[in-house]
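Please open the structure in your viewer and keep the selection tool at hand. The tour below goes from one selection to the next.

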Amino acid sequence: MTERYELPEELRLTRNLVSDFNKNEIIPLEQEIPHDSITIPENDFSRLSQKTKEMGLWCLAVPEKHGGAGLSLFANAVIAEEMVQHAAGLYCPAYGTMGDAPPEIIWAGDEYQIKKYGLPTVEHKLKGWFAITEPSGGSDPARAIQTHAKRDGDDWIINGSKLFISGSPWGNWGIVFARTDPESRRGITAFIVENDWPGLTVEPVPVMRAYYPGQLFFDDLRVPSENVLGEVDGGWDLLANKLLARARIPYSASNLGVAVAAHKMAVEYSKTRETFGAPLASRQAIQWMLVDSEIEIRACRWLVWEAAWQFDNGEDFRQAASVAKVHSAETLGNVVDRAIQVHGGMGVTEWLPLERWYREARIRRIGEGPTEVQKMVIAREILNPGGVHA
Ligand SMILES: Cc1cc2nc3c(=O)[nH]c(=O)nc-3n(C[C@H](O)[C@H](O)[C@H](O)COP(=O)(O)OP(=O)(O)OC[C@H]3O[C@@H](n4cnc5c(N)ncnc54)[C@H](O)[C@@H]3O)c2cc1C
């Protein structure tokens, strides 16, 4: 007999804790604040983050030695699916009351950098951001990056601009990828910079989600050499070192989680709403919408889990991460769209989270590497399995 896969008990318990926390604390609080909120009142934040720390739910994805729970990527994916199941969950899971991890790449830094930027971010004293995309494009950053850094004694001087940088309007520090060797496509270096340094300005970029990103302008921004992250001209290697692809897995798990939440709402509503003398759920047209969502969600979960397993096992997970990213972003859009249809007019009101998810879901096909770029990764691997791809 083939063994049936079951989640380990400890993981199931943690997932249930997160689910109860959302149901008992976050969702009731959301009824009291504006529909598009991205924060909760400070006193609620302190109270709830104290609770999650006591429950061992603080910064689950951060390595233990840096103050987090150090869960595997698979465990993180399972928990992320649960954590995002509330109105703000896609971009502000639990409103940060379970901790906000710093950009993952900071852990590739030296002791000074980790102590100065990484650890205070885990402790919620600072907030970080991560800047690759520029006005010249985000799909192919190795070619598009024009922001450049030149040596000046022991320092570096950065000039240029970055666009669509999440978290930068509220951040204290961030990681900027700038060209340091103009002759080479890969001559890029990662620098840690601080928001309040002279020479850096951040402007909001209004988009269809309330958690808007920023545009950064570097005007002779002076950066000390101790803020070079990794090797000079080694920034691309840091990224290619699977960081970008890895991030697609928890991102996909979040897409899955919001799809699950929207689907649950559609199922419940269809059972109680009556038209023409019978519940919507009795109509085949409605059932088929629910069935399509159910099938897409189930497939999505396995794709996310497979990518996470491959990562945790040290396999080349990049194609699986791209497959999960494409499928989860499409699934999220489809499921939320159907859930709105089942709810009729109620679906597009600000009284329900569906319209917020609908707007935010659209961004998920673009952010973290757009669908077309993921398909390029998948195609390369199909056509040349095991080949080395940039
Ligand atoms: C809300 C939001 C938040 C973001 N946060 C961050 C962040 O924190 N940090 C960061 O660095 N970036 C961030 N981004 C940027 C995001 O990663 C880019 O938008 C994305 O990589 C696409 O780049 P682009 O917008 O310049 O589109 P382009 O690169 O100009 O591409 C335009 C379109 O063409 C498609 N395309 C490109 N090449 C091909 C091809 N060869 N074949 C077919 N189609 C192709 C793309 O898929 C896309 O749909 C964010 C974006 C948004 C919208």
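How many salt bridges does the rule find across the interface of domain 2 and domain 3? The rule, which asks for a side-chain nitrogen of Lys or Arg within 4 Å of a carboxyl oxygen of Asp or Glu, finds zero salt bridges there. This is a predicted model, in which local features need pLDDT of at least 70 and side-chain atom pairs count only at pLDDT 80 or more, while totals for chains, interfaces and linings use all residues. Residues are numbered from 1 along each chain as its sequence is written, and side-chain values use heavy atoms, with hydrogens and water left out.

Begin by colouring domain 1 (9-101), domain 2 (128-229) and domain 3 (242-383) separately; these bounds come from an automatic or database domain assignment.

Next, select domain 2 and domain 3, whose C-alpha centres lie 31 Å apart, and look for the place where five residues of domain 2 are in contact with seven residues of domain 3, contact meaning heavy atoms within 4.5 Å. Between these two domains about 590 Å² is buried, 75% of it given by carbon and sulfur atoms; buried area is the accessible area (1.4 Å probe) that two parts lose on being put together, summed over both. Now select Ser139, Met208 and Arg209, which supply 72% of the area that domain 2 buries against domain 3, more than any other three residues.
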